[in-house]
Amino acid sequence: MAEVHIIGNLDGGEGFSSPNLSCKWCFETGGAWRLLEGVKDGQTQVDHPIDEGIAHWSHPIDLHYAIKGIQGWPKLSLQVYSEDMYGRTQLVGYGFVHLPTSPGFHKIECPTWQLAGSAMDQVQSYFVGSGPQLINDDVIASGSDRYRLQTIASGTVYLSLFLVTRNFNKFGIES
Amino acid sequence: MIEVQRPETQLSLKQQLAQRRRDLNVTTDTIASEAALREKEILEDSLSKSRSLESSKLVSSMMQRRQVRKQNLDQSMGKSMRGDGEIPSIPTINVDDQDLDKSQLKPLSSSVNLSTSIRDRLKDRAKIQQDSAMQKEPARKLRGLRNRDLQTRFDIESEDSAPPEEKHSRDDEITEDHTDSTNQLSTSLRWKMLAKRGKIAEEPEEKIDEYSFFTKVYEPVGGHEKQPKKSALIIPEVDDTNFAQYDSLYVVTKPELPKHNASPILFAPTSAPAETVTLHGGAPCFLDDEGIYVGEPPGVNSSNWNKMEQRLIQTESGKKWFGIDGNMIVAPDPLKQISSRPMIDFDVDPTIQRTAKCISLSQTGKFIGESSVNQLSVSITQVQFSHHPLFSKEHVLVSQLRDLHMQYTSRQRHNLASHLGDRLQSLRNAVQELQYTLGAKPWDMSKPFNKDCVANLEDYSEEIRNVREMWDIECMKDKTMIRTILTVWKEIKTLRETQGFIATNAKILVYKEQTNFAKEDKEWQKQIKSTFEESKEEMMAEYDEKMKIHYNEMAEWKMQAREIKKRMKASKSKEVITEEGEEATTGVLPPKPVAPAKPQTSSLLNEIQSNAVKCRKVPGDPILRIELTHTVTITPIEECPPVEQKRRKDILKSSCYGKLFYNNSEVTRSPNINLTSDFTLNFGESVCLQVVHWPESIKFELWSISEKLSEIFLVIPPNDRHTGNAELDSLEFSSSHKVTYPNSTAVGSGVPESVDGKILLTSGKLFGSTAWVKDASGKILAPVRHDIAATFGRADPIHAIGARSLNDMEKVIQWISEAKLDPNDPRNAPLLHLMNRTRKDAPGDTKYFRLDHLEKSTYFVSTEELENDRRFSLLSLRNQGVPEYKPMKMVPMYSSEVTHFEYAQTEKEEKVSLKEEGDVFEHHRAAVVRFMQEIQEKIASRSRKVRPMLELSDVVVEDQVPDISTLGRSIAKLLEPRHPLRPQRKERKKVTNQAVGITKVDLLVNVSQAQCLPIRSRTTASEQRMTLDPNTARSTIQLRPFVEVTFQRQSSVTHVADGPNPHWNQELVLPLNVINNEFSASNLREITDIVYFNVFDEIIVDILADDRLRDTNIHQRLERRWLGSFQIPFSTIYINSRIEGKFKLNVPSTLMGYNKDHGLLPHLMTSDMLLSQTSLTGQTDKNSYLTIFITVEPPLAPHPALREVFDTNEEPRLIRAAAAWELLYNGEHGSRSVRSLVTDVNGKSVFITRYIGPQNPPNELVPEDRNMRKSLVELQKIAKFVSLIPYYQDSIAFSGSCDIWATSELFLKMLAGDEEEHAILLCNYFLYMGIDSYIIKGIGIPEGETCYVLTKQMEGNVLWNPSTGDYHPQSRPYHSLVSVHFCFNNENIWANIQPYDDPGRLDFNFNNTKNWKTFFAGKESPKLSTVQVSRLDYTETNVPAIQTLESNLEKMLMDKIMEWRERHVTRWNRHCRVVMRQLLPQLEMGSLSEEDQVSAMSEIMSSHNVTGFPINMRYSDASTIIETVYSTNVHVAEDPTVEFALTVYIHPYANNVLSVWIYVGTLTKKY
């Protein structure tokens, strides 16, 4: 039975409107994947970098999947939040990335986007903070129904992950 | 070329402009400027003229160009025609060409003549200018002109490009003329030079090139196409210095224009509509007229369309592009009619709910609403009877005639016969056409086209046959119609004659129309002929078919015949014995199939002819037209026979009236209307109804004087029908009532008519209309109905089958197949697609939907395999934190290596199974356990869902930053008075659950002191002996107590102190053992172990046998005598994190050899003790207390209580109020907390007061005497009963997550519950007894958060501990209840807002709002219904079962004691046991005093030293009893002569509540 280990960390984020960032992450897999150990979603701390524009989280990720088939290879969906000087959090980016399928070490950069919203929203967010958010987070990682969204590019989230596969050869999957 | 020249002019203009400015500065005289102005005017005039000329020239140039283009094959047509906007530039070139004659340019021959005249004129004008300029500043004038156009030089549009060019040419001329003039400027020279250079560079051919730049679609000839454009862009930016570089760009290679001399090669289509062309040259037919869907053609300019058509017509092959309708074959417009831009609904605030007002037509939604005015107009014009009881026979016939005539006229109007005839004709034409197209080889199936044609042909012939038959039928009908009308008319005529008078005015007029025989005959013959042909063909086809079958049959038959022959031959060659039989078996040859007869065509013609004669009008016959008039004069009444007279009189007498009903309620009724002689009722009523309900029915009832004739439902008008456009409806009605008129000619109604025996019923027609009123502004006052169906078109399934049936797939499919939708219509596409799909799917019949049905096929491992993998299960179990697997550090690599692995399920089951033996209550207990588990699981799943929110303090260990308040406090501490002798405990920092690295947890017990311990009786032999002992200084000491703390079978003892009020002040440390050594919150919570505190008296028994050795030897034995004990469950310690206080010691009521009377030793009593011993009730407190402090090291944060919002059935208002109240209170009084909502067994929040309500205690506990009911003694009995119900900590049962409050009924059923349940039950019992009682929620010792019952009695307030059954008056200084948080009863909740919270100091007057904060403040409490049942039913305890249990227990305990004393021999004293056995029931009754006991035992005590005590406890299970006995250390008796006595008595109460008494003692023989 094939297994996949995903070990690594959520390094940090850069290029967002504010460097005080935290990140909510969630691994999404298809029906053939069964999580044996580890947590598939979580949230990092809020990092307030002092001297550089990059927020470091170094948030550990450790998952162990048992798989029936390789359909639904895990993808990671991210939501980056920033905290302002008043302690309010606001969403600054949605991102999603497919995990690499080859075993070994991978440095991944996940570009993110943010909802544009209407002009009214922008004015409002200028004064009050925050902005439009997705009602359903599934949209981040699903391919459908994105055409309605108008988005603005946001920063990048860095990940470094090790992928360990087991028994893939046994089932004829060459990696 | 134009572009080339532009920069030059600009440059020169620039220079001139500069100069002009200079000049202007120099010359300022007015005359000059005036002249300049005049000059300008003139020039402008000439310009406008030239412009108009230009336009005329434009047309001509266009014509010219077209000619050129006709010759030029390379140029495409469409483009050139489009480039109209650019055309004006062309003549200007021509002008230029002419002007530049001298500079080697050849003009275009075609335009020479046209432009010369203009040129001449221009030249003339220029000369005039020149002359004037020669006189007065020539340059200036020109500049004045140029200046004006300069700005628009490069942004002029193509139409305006002519004038500057023109001027340009003028410039050239002028400059040329000025070359020799002396005052000529250097600029003009330069200009000329440049101009020349530019022109030299150009070839004459380039003109064509430039020209075609605008008109032609370029083919990539060279780079030169792009250059002009480029230069046009760049040149304005360059100055004159580098200009020379640019003209070199225009050295262009000669474009290879093919020369064409032959003129007819080119064809220019005009935009005139082309003649219609059809495929076969016949008349065009339009498919959409025949109802076939033809899509909308895309919008194309009609001129383009026409040109295309013309072009196509021109070529022979182009004709195939035309369809049968004579138009080009066009694909339908591919554009959607509706804009498909997606709606962006971003800015819709999701919090705003938009609700659509829904008007339904259901019974409840009949009301339209009064906001709109809706008026319905109902008009009833006339009622016409088609039969009336007063009809005479003639009337009957006339009405019959009228009907027939009406049918006749309608038939005439529709003229179906001729329509069918026409159709037949057109079909025949179509067949002919098809046959024509099929040509010579109509049956050549190889061509697909032919195949289609043949199929069509078959269809056509089929249709022709049908139409022909229908036509015949219709013709026949027409014929018979006329015939019947005439017969009826004849009947009427004869009737009128026979009866001698005329009752009706009906008359039939027949018109005959002569016809042309020859023409008709020809038609007739033709018709017959074609019919004959067709029939013949059909017959032939049929014959062919039959023949084919016949051939097949023949072939088969032949085969058979051959076979039989063969067989016969074979049998003949063999021996022939039974020839006949053989013959029979081999079979006779089956009869030869008969060939079908060839159809006889001879008789066919006759048949057709006779049929035609029968059905159709024979040629030459006149056409009959029938008309019904009412012109006959009716015989006046006087001339009629009396019977008729009577009838007519009856008619005059009879009258009717009508009633109008709207939605079955009567709206209005009409006055009586008399019947007219032609049997009509003229109502002429019109009613206007103001409508507030949806119209469901509009009914008109017709009443004769006494009876209802009929009811007629009028049409409910659609919304668009208003009074303006409403038509008169005619509605038929009939009535079945019977009327006869004897002695009159009236035929009556409902009775068999005399003429033909038919039963005629009163019937008729109502003429009326219903419509919505249209008001003055033209608005229709109809209610607006949101009818979905109305929005759909004709082919609308909702309309046809109703919206509800849309879900029913079968119905929809049926409808689709029935509706015969046009498959070409894109609107029907989804429906047809649906049909196709369902047809396809039909055999499969899939009734489920799978999202990813293909995914399974990609699996390489089945789900079961994955599920059953032991390693994976182990990993996930470990991950889930199942206790057994959680500590597992290593998991094997391979599944095969996973050996000792069992599923968690089996483990759990084992837990449940009971280990104790022989217990009658096993079943009950098992049920309880099962029930508990159920709830436990329910709660657990609930709490698992709500992951406890981590707080910052759970994650981050952070010391508080000292601020001003903490600093101040620490400074204040320095100044505080110190009490070194009264040390205060420091608050320790708590370790949170997440803290890692806890490897060892100890239980710290600080045993401080004990009070009022029983002292040894003086009679005790050992003491006597000891007092005799001269060496010991302890002669006065009556007690040597020490405390043993036992936890998890580990024990620790204090040192031995002296006296009945000893001080130990010793800290004992007991290690805490946890499963898997993991100190997680969940693990700690599950510890069910109990900490036992036992106080023993250490007795030194001197066992030195030889007194002589006393001086040198000490031989003593230490014996411990149990004095009392108490126990605290570890969970209580864990939850409260520390327990501190004075605990009441459970001292047996009688302790053999000990005395509780401390009165003898007043000097040993502290003042404190003295206080505690006296109570206001006058009784002496004989209880013993132990002061201890227990905590856990390191401090463990208790698991936070799950403050979860559960579902509730309470009113939301109450819930809100409760939350607000709690918040308000809990904020104010830090440590105290209130709760108004608790969780019940079903996991729902219930308001706390609902638990309280009077409930009946078991009958045996209710005293007969009412006065006795309130006595404390009786109440204590009840309290005892309650306390005997087993105790079950919720925190253990439900993982400490939450506190479950069970109802008393459930509590009694389960016989398990904690303080709340006990308190509630007790409180309810007290209420039943008529005592004002409340429940106090607060902190108690040792249980922590607890419940007490407060009763307000005559003696004062009494506090009851429900789990022990003890009671204390409130005034007593010491209470096991430490603090009171709030009280409640069935009506209200009172929160304690007094500065104190210990009950001794509290004021329990709840009316005092200063001291108590009420929940339902100010007003009467809303009597909330109780969740308790009003009457509790108790089951009788099974006495024989109890007796067995008793003996079992006794046996078990004895066995256990023997087991514990394995090193010694255990002897049992039977006699003592018997005595004890007798004592126990009396103890239960409470009627036994200590003296009685002593006297009862005196006999034994005379010979033995007896120590012993009775233990009374509730019965939950045997193991607790054993544990309790063990903890008394009775078995630790080292004396070899010791004898034991043990007896068990169980006193049964109702409902299996048992009071267990164990009397255990040791006896040692007195020496």
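Is A:D51 buried or exposed, and what relative accessibility does A:D51 have? In this predicted model, A:D51 counts as exposed because its relative accessibility is 69%, and the cut-off for that label is over 50%. You'll find A:D51 in the loop that runs between β4 (41-43) and β5 (55-67) of chain A. A:D51 also has company: together with A:E14, A:E52 and A:E109, A:D51 makes up a patch of negative charge on the surface.

**Other surface patches**

Chain A has a nonpolar patch on its surface too, formed by A:I7, A:F105, A:F162 and A:V164, with about 350 Å² of accessible area together. Take A:V164 from that group: A:V164 sits in strand β9 (residues 151-166) of chain A. With 37% relative accessibility, A:V164 counts as partly exposed.

Over on chain B, the charge is positive: B:K558, B:R562, B:K565, B:K566, B:K569 and B:K592 form a surface patch. One of them, B:K565, belongs to helix α16 (residues 517-573) of chain B. B:K565 is exposed, at a relative accessible area of 60%.

**Salt bridges**

Over all chains, the structure holds 38 salt bridges. Here are three from chain B, with the N to O distance for each.

| Residue | Partner | N to O distance |
|---|---|---|
| B:R465 | B:E538 | 3.2 Å |
| B:D1097 | B:R1016 | 2.6 Å |
| B:E1274 | B:K1277 | 3.9 Å |

Start with the salt bridge between B:R465 and B:E538. B:R465 is in helix α15 (residues 448-499) of chain B and B:E538 is in helix α16 of chain B, so this pair ties together parts that are 73 residues apart in sequence. B:R465 counts as partly exposed, at 27% relative accessibility. The two residues are also part of something wider: B:R428, B:R465, B:R468, B:E534 and B:E538 are linked in a network of salt bridges.

Next comes the salt bridge between B:D1097 and B:R1016. This pair links distant parts of the chain, with B:D1097 in strand β17 (residues 1090-1102) of chain B and B:R1016 in strand β13 (residues 1015-1016) of chain B, 81 residues apart. Are these two partners buried or exposed? B:D1097 is buried, with a relative accessible area of 0%, and B:R1016 is buried as well, at 6%.

The salt bridge between B:E1274 and B:K1277 stays inside one helix. Both residues lie in helix α35 (residues 1272-1283) of chain B, 3 residues apart, which is about one turn of the helix. B:E1274 is buried, with a relative accessible area of 10%, whereas B:K1277 counts as partly exposed at 40% relative accessibility.

**Strands in chain B**

Which strands sit at the edges of the open sheet in chain B? The sheet has 4 strands in the order β33-β35-β36-β34, with mixed pairing. Its edge strands are β33 (1467-1468) and β34 (1504-1514) of chain B, each of which pairs on one side only. β34(B) runs antiparallel to strand β36 (residues 1554-1565) of chain B, and the two pair over 11 bridges. If you want a spot to look at, B:F1509 stands opposite B:V1560 in β36(B).

Finally, have a look at B:L628, which lies in strand β3 (residues 623-629) of chain B. B:L628 counts as buried, at 16% relative accessibility. Its C-alpha atom is 10.0 Å from that of B:T409, although B:L628 and B:T409 are 219 residues apart along the chain.

Notes:
Residues numbered from 1 in each chain as written. Chains lettered and ligands numbered in written order. Predicted model: local features only at pLDDT ≥ 70, side-chain atom pairs only at ≥ 80, totals over all residues. Heavy atoms only, no water. Patch = residues over 30% accessible without salt bridge, like charges linked within 9 Å, V, L, I, M, F, W, Y side chains within 5 Å. Areas by Shrake-Rupley, 256 points an atom, 1.4 Å probe, with all protein chains shown as cover. Salt bridge = Lys/Arg side-chain N within 4 Å of Asp/Glu carboxyl O. Lys, Arg positive; Asp, Glu negative; His and termini not counted. Charge placed at Lys NZ, Arg CZ, Asp CG, Glu CD. Buried < 20%, exposed > 50% of the residue type's maximum accessible area, 1.4 Å probe, protein only. Pairing = 2+ DSSP bridges.
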